[in-house]
Amino acid sequence: MTDINKLDLKGFCTNSTRSVFHTMLSMEVSPVEANPSMELSGSKIVGCVSFTGEVTGSICVHVSKQFARVMTASMLGMELDEVEDDEEIQDVVGEVSNMVGGDMKSKLCDSGFPCVLSIPSVTSGSDFKIESKGWMRHEKIAFQQQDQLSIVEVFIKSVV
Amino acid sequence: MTLKVLAVDDSKTIRKIVSKAFSTYDCEVLEAENGIEGLSTASREKPDLIVLDITMPVMNGVEMLGKLKGQPDLKDIPVIMLTAESGKENVMQIVKMGVRDYMVKPFKGEQLIERVMKILTLQPKAAAAASPDSVSSPYFSIVDDIQIVTLPEKSDRATLIEIEGDFNQSLKTMAGAGCGKLILDSRKVKEINMLVIKFVLSVVQNCQKTKIHLRIVGSAALGNELKGFQETSGFSVNTSVEEAKATF
C-alpha cells in the first residue's frame, strides 16, 4: 500500500477533470493557481461524491450557476437558451463530479486503498461555502475555461 | 427489425446521451434509473442490449447484473457496463460476471456505438437507407453524381450533430450505390470555430475510411485552420463548388 501522503491527488484530479471537460463537454480547461481560501462568489452549484473504505473522503466540483448552464447545453447538445430546467443542470454537475470522483476512486483502489463510491449529491445556492475538517490531505485546484472559473476540491484520510 | 436497447443509469443526462447516440439507428432506447427498474424493464421488454451503470441508488449495476445472469430468459442479453469506475479489481469482478464490454466515463456517443457494433448490427433508420439522395435533409443534395453537403450559416453544435448523423448514413448508402465523390461546402458558415473544424476533421477521417473522394469548399480562413492539423495539412480548400467539381 502506498503512503497516503505520497499520492499525487492534484495530478489525479487535474487529469480527470480535464478529461471529463474535454470528452463530455468539448471544453478545454486549464489549471490555474488556487489558494486555500479561494471561493466562487454569487450563485453556484456544487456536486460532490464520497468514497469510503480503507480511505474515506470526497470530491467536490464547484461551478457558477451561469457556467453550469453552459456545461449543460454543451453536454446535451443544446442551445444555451434551451436550458431551462434546474434539475437538468444539477444532474449534469452531479454527473461531472461522479466522473471526476469515479476516476479518483479507481486511482485510490489501484494504489492499494480499496473503497466504494457514493452516488453524487448536488447543492446549489448563493454565498455558501463548504468547510470540512479533520482530513489528512486536502487539495483545491482551480480551472479556467475562457472567463469561467471552476474549483475541484478533494479531501481524504486513511482509516487503517 | 427495430432493436431494443435498455439504458440503466440514475443520471438522466447519461440516459439522454445514450439515447442520442442511437438516434440515427433503427433502435428503440428504453430507460431505467436503477437496477430494480432495469430488471423489471428487461423482463417485460427483452431488450437486445443493456447499457448498465454501476453506482446507482436502490439497486446498483453489479447487483442487477448478478440477478440478470441468474434468470434463464435474461441471462443471454448482452450487457455493456458504462461506469465512472475503472479500478482494476472492479473491472475484473465485472468481467468475470459475464459482461460483453466495459466502458469508462467520460465517453462519447460515437465510442459507445463503436462498441455496440461489435455486438449487434445496427441499421441506419429506414428513411435514410434507400439511396444516397434519400437523406431527407436540407443540407444534402446530389449534383452530377456528386454528394454535396452544405453547412448552414448557423452551424452550431446541434446542427452539426444532426448533419453528422445524416452524413454517416449518407456515407453508407453512397458506398453501397458506388457514389464515391463528396463536396463539403462551408462557404455560408458565419463563424469558423472549433466545432466546425472538428466536424470537418471528422468528415475527412470518415471519407478516408470509406474511400470517398472529398473536396472542401470554403474560405481562406478555413484553409489556414486546416493546415494546422495532420489529417488536413495537405488539403486544398476550393473557393467554389464548380472549382471543386473540376478537380475530381
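Which residue in β7(B) is the bridge partner of B:Ser141? In this predicted model, B:Ser141 is partnered by B:Ile148 of β7(B). The two strands concerned, β6(B) and β7(B), the latter spanning residues 146-150, are joined by 4 bridges in the antiparallel sense.

This pairing belongs to an open sheet of 5 strands in chain B, arranged in the order β6-β7-β8-β9-β10 with mixed pairing. The sheet is bounded by the edge strands β6 (140-143) and β10 (237-238) of chain B, each of which pairs on one side only. Strands β8 (181-185) and β9 (213-217) of chain B are overlain by helix α8 of chain B, which comprises residues 194-210. Relative to β9(B), helix α8 of chain B runs at about 160°.

A further element of the chain B architecture is the packing of two helices. The axis of helix α1 (residues 12-21) of chain B comes within 9 Å of that of helix α5 (residues 109-117) of chain B, and the two axes cross at roughly 60°. Because angles from 35 to 65 degrees fall in the oblique class, α1(B) and α5(B) are oblique to each other. The crossing of α1(B) past α5(B) is right-handed. On the α1(B) side, the contact is formed by B:Ile17, B:Val18, B:Lys20 and B:Ala21, which meet B:Gly109, B:Leu112 and B:Ile113 of α5(B). By residue class, this contact of α1(B) with α5(B) consists of 5 nonpolar residues, 1 polar residue and 1 charged residue.

How values were computed
Residues numbered from 1 in each chain as written. Chains lettered and ligands numbered in written order. Predicted model: local features only at pLDDT ≥ 70, side-chain atom pairs only at ≥ 80, totals over all residues. Axes fitted to C-alpha atoms, helices over the stretch in contact; angles between N-to-C directions. Parallel < 35°, antiparallel > 145°, perpendicular 65-115°, else oblique. Left-handed = near helix turned anticlockwise from the far one by under 90°. Contact = placed C-beta atoms within 7 Å. Nonpolar A, V, L, I, M, F, W, Y, C, P; charged D, E, K, R; others polar. Pairing = 2+ DSSP bridges.
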